[in-house]
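Hi,

Here is the structure I promised to pass on. Have a look at it first, and my notes follow underneath.

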Amino acid sequence: MKYLDEFRSPGVVKALAEKTKRLTGGHASYMEVCGTHTMAISRSGLRDLLAPEVELISGPGCPVCVTSDRDIDRAIAIASLPDVIMTTFGDMMKVPGSEGSLADAQSRGADVRVVYSPLDSLRVAAGTGCRVVFLGVGFETTAPTVAATILQAAAQNIENFYALSLHKLVPPALRALASQDDFRIDGFLLPGHVSAIIGSEVYNFLPEEFGIPCAIAGFEPADIMEAVYLLAAMEKPEVRTEYARAVRPGGNPKALEVMRRVFEPVDAEWRGLFTIPASGLALRPELSSMDAGTWEVELPEPKPRAACRCGDILLGRIKPLDCPLFAGACTPDQPVGPCMVSSEGTCASYYLYSGEAD
Amino acid sequence: MCLAVPAEVIEVLEGELATVDVGGARTKISLSLVEGVEVGDYVLVHAGFAIETIDEEEARKTIELLEELERLEGMR
Amino acid sequence: MQELLSETVFPLLGGSAAEAEDAAVLDLEGGRIAFTTDSFVVQPLFFPGGDIGKLAVCGTVNDLAMRGAKPLYLSLGLIIEEGLPFETLEKALSSVAEWAGRAGVRVVAGDTKVVERGKADGLFINTAGVGVVPEGRDVSITGASPGDTLLINGHIGDHGVAVMTEREGFRFESGVVSDCAPLNALTEAMLAAGRVGAMRDATRGGLGAVLKEMAAASGVAIEIEEEKLPIREGVRAVCELLGFDPLYVANEGKLVASVPSADETAVLEVMRSVEEGRDSVAIGRVTDGKPGEVVMVTKLGSRRLIRMPSGEQLPRIC
């Protein structure tokens with residue numbers, strides 16, 4: 001497959017790993033903030049190729065992972081309404097809220113349907129009298145697609161289509177991370193597809209204000225390895241783009257404009273972390289008639305999750321193995337926190353691919 | 001985030017749509033988030049949309065760079 | 001599901017989940033009978049390469065064949081949702097008839113029930129099957145031994161992708177059709193050509209699930225090579241688009257056999273001479289490692305631990 005296979009060459013990946021390990025002269029830790037990166041790294045066994053000199057840490061990069069209990073409860077409450085069909089990406093089906101997941105709600109009778117594209121919801125809406133609510137989750141890669149769908153629904157007067165936006169933004173989260181007192185990292189591996197939308201210049205504050213080197217990486221093994229190499233080779237902190245075939249300095253202006261027409265930044269609660277200012281997206285007031293987030297629904301009592309250490313895992317403070325629940329009370333089949341529930345969550349990746357659970 | 005796959009544009013359709021091909025699998029996607037896309041171009045497909053065009057010149061440069069790195073490393 | 005079986009069903013009915021076989025071989029006067037049952041709830045009912053009727057026959061025939069049995073008779077239980085179009089039922093039943101004929105089995109017992117609208121997804125089918133295990137044959141999921149070669153009869157992931165791409169919203173034209181097929185002709189040929197220690201057909205959970213089950217039941221370790229796995233381009237493409245791992249995508253016409261290395265060449269050659277085994281290939285070996293452990297050597301040369309998949313893979317965007 002073109003533009004995939006060329007970046008999977010074993011020879012290239014191994015050569016880059018060797019070169020990188022020599023450059024770091026000791027030890028370096030880089031944080032990747034994209035769940036798809038976590039998955040790709042685990043699936044190709046890249047950590048092993050870089051160990052022990054280079055360590056790759058997973059940060060809060062999974063938009064599913066960081067969806068709060070309350071937000072999931074709201075989605076479930078809406079999906080459970082008798083005249084509502086909820087359409088969602090598959091990723092969200094098994095995320096646990098205070099009283100189970102969307103999948104659980106589905107088995108109790110809620111009409112929840114997995115779609116590939118938010119546009120599929122418009123087709124569902126056209127064929128029913130029910131209210132169709134699309135659950136919008138994801139970072140800046142996905143938000144424009146949902147925004148475009150909302151605009152299309154408005155243009156086509158699809159009156160029974162609504163959206164519940166749980167979208168989040170990456171740069172504010174990176175700022176919140178970098179501002180933590182105990183945050184020590186030798187560099188960030190930045191998300192290639194988010195960056196295709198928002199560009200590379202938006203990250204300049206990381207080297208400039210915090211002295212953190214950054215490399216924007218694609219998702220094939222050679223992309224990731226090359227980006228890690230760029231981090232190791234950086235003489236002064238800056239933002240380098242490995243994924244130049246998809247990322248321009250100013251990003252995708254058209255997609256950004258579509259996003260701005262539909263969404264505005266709001267404060268958002270990041271599960272396991274805290275509320276990060278202006279890190280979420282809500283529908284603009286002029287679109288409130290399509291905003292399922294404005295609906296009054298009854299929410300269950302929030303569930304205290306004292307033993308769950310997802311927050312510390314997302315901040316890179318501890319590893320999945322350090323969490324007392326990992327692979328015991330918390331497994332992919334019965335996840336407690338989102339780090340385990342998402343197939344790309346840090347803990348799920350470790351559990352599935354690294355075998356520490358044995 | 002996130003899963004996006006490079007796809008070749010096979011046909012540009014009315015209504016800002018296109019038929020694309022990924023390794024032999026074909027599907028229709030929306031072009032409403034990109035501009036100036038023509039048949040033969042490559043785009044990144046995510047959730048039924050093209051979210052960016054692939055710069056083939058940059059791709060070529062990156063591939064060449066990687067191959068050169070491998071060659072040099074092999075000479076050590 | 002695994003827990004439901006191991007914590008409730010098996011304890012109540014007797015037996016252990018870990019050693020669950022594809023079919024039960026029963027000593028009866030005059031020989032050994034293989035007996036199995038399966039229920040089919042696939043959606044959509046019709047998909048490229050097959051339908052629920054064909055699945056219902058092949059699934060049960062194959063479970064018998066995996067124990068080295070010659071399948072003989074099937075029972076057919078139908079649960080029909082009120083309102084199912086008659087043509088749909090007719091098509092499904094014609095398919096049952098066609099594939100029973102092709103597999104060389106007869107449907108000799110059956111039952112039909114109609115339930116209210118909403119109580120069944122159109123049509124549910126259960127088939128139970130009976131076959132005879134020839135004297136001297138002992139093929140079991142517990143029979144893999146260190147040193148054995150692991151063989152598969154062709155490409156993985158076809159069925160899961162074919163079914164997925166029939167669903168509204170996932171209509172990727174990939175040319176992929178379900179691999180649903182009866183495997184008893186293949187297994188008979190294999191067992192005539194050499195020894196087969198363990199065999200299982202890869203259905204839900206894909207190749208990954210079968211390898212884990214075999215390693216656990218036989219108390220052995222397994223190592224496979226990613227490079228050797230036969231995967232069609234169309235399957236790869238759809239898996240890339242939806243974020244699926246082909247290792248865990250469902251099949252309906254694939255078996256994995258653990259064969260002593262001395263018999264590898266003979267068995268492989270005979271497999272390739274049968275239609276359902278044309279693309280047979282060796283994908284790995286049974287080793288002396290940690291019992292139950294399955295490792296895949298990636299194309300990059302790194303080692304990746306294969307896990308038991310939990311539940312159905314859902315299309316993802318992350």
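**Strands S3 and S4 of chain A**

Let's start with one pair of residues: Thr88(A) has Val114(A), in S4(A), as its bridge partner. Before going on, please keep in mind that this is a predicted model. The two strands involved are S3 (residues 84-88) and S4 of chain A, which run parallel and are joined by four bridges. To get from S3(A) to S4(A), the chain passes through helix H5 (residues 102-107), and this β-α-β crossover is right-handed.

Which residues of S4(A) sit on its covered face, and which on its uncovered one? Strand S4 covers residues 111-114 of chain A. Val112(A) and Val114(A) make up the covered face, while Asp111(A) and Arg113(A) are on the uncovered one. So the Val114(A) that bridges to Thr88(A) belongs to the covered face.

**The five-stranded sheet**

Elsewhere in chain A there is an open sheet of five strands, with parallel pairing, in the order S2-S1-S7-S8-S9. S2 (54-58) and S9 (239-241) are the edge strands; each has a single partner strand, so one side of each has no neighbour in the sheet. On average, neighbouring strands here are turned by 25° against each other, ignoring direction.

At the S9(A) edge, the pairing with S8 (residues 214-217) is parallel and consists of three bridges. Ala215(A), for instance, has Arg240(A) in S9(A) as its bridge partner. Helix H11 (residues 221-233) packs on this sheet and touches S1 (28-32), S2, S7 (187-191), S8 and S9 of chain A. The direction of H11 makes about 170° with that of S8(A).

**A loop residue**

Is Asp322(A) buried or exposed? Asp322(A) is exposed, because just 11 other C-beta atoms lie within 10 Å and a residue counts as exposed at 12 or fewer. You will find Asp322(A) in the loop between helices H13 (310-314) and H14 (338-341) of chain A. Asp322(A) is 13 residues from Arg309(A) in sequence, and their C-alpha atoms are 8.8 Å apart.

**Where chain A meets chain C**

The contact between these two chains involves 35 residues from chain A and 21 from chain C. On the chain A side, helices H1 (10-24), H2 (35-44), H3 (46-50) and H15 (346-354) each supply at least two residues. H2(A) gives the most, with four residues. By type, the residues on the chain A side are 16 nonpolar, twelve polar and seven charged.

Cheers

Conventions. Residues numbered from 1 in each chain as written. Chains lettered and ligands numbered in written order. Predicted model: local features only at pLDDT ≥ 70, side-chain atom pairs only at ≥ 80, totals over all residues. Buried ≥ 20, exposed ≤ 12 C-beta atoms within 10 Å, placed from the backbone. Pairing = 2+ DSSP bridges. Right-handed = clockwise from strand over helix to strand, strands pointing away. Axes fitted to C-alpha atoms, helices over the stretch in contact; angles between N-to-C directions. Contact = placed C-beta atoms within 7 Å. Nonpolar A, V, L, I, M, F, W, Y, C, P; charged D, E, K, R; others polar.
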